[in-house]
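Open the model in your viewer and keep the sequence panel beside it. The stops below say what to select and what is found there.

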Amino acid sequence: MKGSVKAALALLASTQLLLIMDTAIINVALPSIGEDLGSGSAGLSWVANAYLITFGGLLLLGGRTADLLGHRRLFVAGLGLLAGASAVGGIAQTSGALIAARAVQGVGAALAAAAAFALLLILFPDGPGRHKALGAFAAMGGLGGVLGTVLGGVLTDLLGWRSTFWLNVLVGLVLGLLALRLLDGGTRSAERGFDLGGALTATGGLGLIAYALVGAGEAGWTSGRTLAAGGGGLLLLAAFAVLEGKIARPLVPPAVLRRPALRLANVLSALAQMALFPMFFLVSLYLQSVLGHSPLFGGLGLLPLSVVVVVTAPQSGRLIAALGLRSTMTLGFGLLFAGTAWLALALAAEGTFFTTVLAPSLVLGVALPLVMVTTNVAATAEASPAETGLASGLVNTSQQFGSVLGLAVLVAVATTVTDASTSAAVTAETAGFRAALLVGAAFAGVAALLSTRLRLPAPADLPAPREQVEDALK
């Protein structure tokens, strides 16, 4: 791999690290934000949720826009918007201003994430090189979750919660400047025209569904607000499906969605995140609220898992070459099921980190990169060079909505079981966490069974020509 390609991969993987880290940092800083701004729990929840809604709602639009306007252009614009909104958040004096800044941060993150993944697909045609690059992305995602938790605790304790926003400003600006030096600005589709109706209905539909999901834990799954938002989102997505079949240049060509491997890969990507994303949140809560550890230890407790992710992820490509994509994927989901179920059954109110969390977290550290890399490979294997942004938008949207849905469902399960228990507080909380993680294991088990049905077309000749790969760099 040439040095310039390695530098570009490091840049793109660092962006993935930043975006995952940002979510974890803010979660740790929320109590301090509430004390400083005088915000209640409802307002605090929307400091996190505003970001998730715009991020999830705009990924598909961001991916297609990157194809049409240029991947580097949208990548830099997304990082600039993220940095600017972070600066506004860093000086916000009210919870309303902070929530607005977080929503704009989500817009910037969606544009940067979709463009970054599309650039990776352009730089690395389908094959072992792409598998290694996706392994690096998976490693940075796993590292970002833990690093964000640790940094959130350290920065909040030493410099205050506003420093977490200024970190985004600094890192976002540095990555944007490096992108201008390392990435070519000419990578975009020759196709012209923009599907405005599709963009509005898709973004509105996804945004409303995200709003319904993240608000369900607060208002209830059967509340009027949740049902209205969810129903409105589904109606807009139905309108989107009708529009896409009638216009000449749709945002998502119906032929793309008719690819069985792509559909299954996106479902599996969502299921992976439905099990993984809530697990980080629930384990951190268990370490703090049940075992009595500090927020900093709550983050450090996930460090062994992240070390295993970083070690395993670069080997994912070799496993795919040795076992095949489908077998490696099934192995990954099998380990995810086993690790999550083991973790759930090991939880105990009188336990310790070493007797409850450590061993199963190591299994999950192996599973995480395997499921992330294989689902991303399958979801993008059939993408032509002109569809890289679209493919990245689809798989990122699946992952984001899997994270949001998984967190909403598993937190609701944990809360319901805890509230229904008549045992002591820590015993009731432990029962809630155990029930939630068992549901997460069920998601992983379903994914393991579905993964055996994956069938990619026999070898499609889709890699980008060498000239395009070389032109993607200066």
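Throughout this tour, two residues are in contact when heavy atoms of theirs lie within 4.5 Å of each other. Keep in mind that the model is predicted.

**Whole chain**

Begin with the protein chain in cartoon view. Its secondary structure consists of 19 helices and zero strands. Measured out along the principal axes, the C-alpha trace covers about 65 × 50 × 45 Å. The radius of gyration is 21 Å, which agrees with the value near 23 Å for a compact globule of 474 residues.

Now colour the chain by accessibility. Of the 474 residues, 55% are buried. The accessible surface amounts to about 18,100 Å², and carbon and sulfur atoms hold 69% of that area. Counting contacts with a separation of 6 or more, 85% join residues that are 24 or more positions apart.

**Helix H17**

Select residues 388-420, which make up helix H17. Inside this helix, pick Val-409. What does Val-409 touch, not counting residues up to four places away in sequence? The partners are Trp-221 and Phe-443. For a sense of distance, select Ala-248 as well: its C-alpha atom and that of Val-409 are separated by 39 Å, and the two residues are 161 apart along the chain.

Stay in helix H17 and move to Gln-400. Is Gln-400 buried or exposed? Its relative accessible area is 11%, so Gln-400 is buried. Leaving aside neighbours within four places in sequence, Gln-400 is in contact with Leu-52, Phe-55, Gly-56 and Leu-59. One of these contacts, Phe-55, leads to the next stop.

**Aromatic pairs**

The structure holds four aromatic pairs. Select Tyr-51 and Phe-55: the ring centres are 5.5 Å apart and the planes stand at 70°, so this pair is edge-to-face. Both residues belong to helix H2 (residues 41-69), and because they are four residues apart, about one helical turn separates them. Tyr-51 is buried, at 0% relative accessibility. Phe-55 is buried too, with a relative accessible area of 8%.

Next select Trp-161 and Phe-165. These rings have centres 5.9 Å apart and planes at 80°, so the pair is edge-to-face. Trp-161 has a relative accessible area of 5% and is therefore buried. Phe-165 counts as buried as well, at 1% relative accessibility.

**Salt bridges**

Side chains of opposite charge can pair when their charged atoms come close. How many salt bridges does a search of the whole structure find? The search finds two.

For one of them, select Arg-102 and Asp-22, whose closest N and O atoms are 3.0 Å apart. This pair links distant parts of the chain: Arg-102 is in helix H4 (residues 95-123) and Asp-22 is in helix H1 (residues 3-37), with their positions 80 residues apart in the count. Arg-102 is buried, at 1% relative accessibility. Asp-22 is buried, at 3%.

Then select Asp-36 and Arg-162, which form a salt bridge with closest N and O atoms 3.6 Å apart. Asp-36 lies in helix H1 and Arg-162 in helix H6 (residues 162-182), so the bridge ties together parts 126 residues apart in sequence. Here both partners can be checked against the surface view. Asp-36 is partly exposed, at 46% relative accessibility, and Arg-162 is partly exposed, at 21%.

**A nonpolar patch**

For the last stop, switch on the surface and select Val-154, Leu-158, Leu-159, Leu-296, Leu-300, Leu-303, Val-307 and Val-311. These residues form a nonpolar patch with about 700 Å² of accessible area together. Which helices each supply at least two residues of the patch? They are helix H5 (128-159), helix H11 (295-300) and helix H12 (303-312).

Finish on Leu-158, a patch residue that lies in helix H5. Leu-158 counts as exposed because its relative accessibility is 66%, and the cut-off for exposed is over 50%.

Key: Residues are numbered from 1 along each chain as its sequence is written. Side-chain values use heavy atoms; hydrogens and water are left out. Patches are made of residues with over 30% relative accessible area and no salt bridge: like charges are joined within 9 Å, nonpolar side chains (Val, Leu, Ile, Met, Phe, Trp, Tyr) within 5 Å. Accessible areas come from the Shrake-Rupley method with a 1.4 Å probe; for residues, only the protein chains shown count as cover. A salt bridge is a side-chain nitrogen of Lys or Arg within 4 Å of a carboxyl oxygen of Asp or Glu. Buried means under 20% relative accessible area, exposed over 50%, partly exposed in between (1.4 Å probe, protein chains only). The radius of gyration is taken over C-alpha atoms; the globule rule is 2.2 Å times the number of residues to the power 0.38. Rings of Phe, Tyr and Trp (its six-membered ring) pair if their centres lie within 6.5 Å; planes under 30 degrees apart count as stacked, over 60 as edge-to-face and the rest as tilted.
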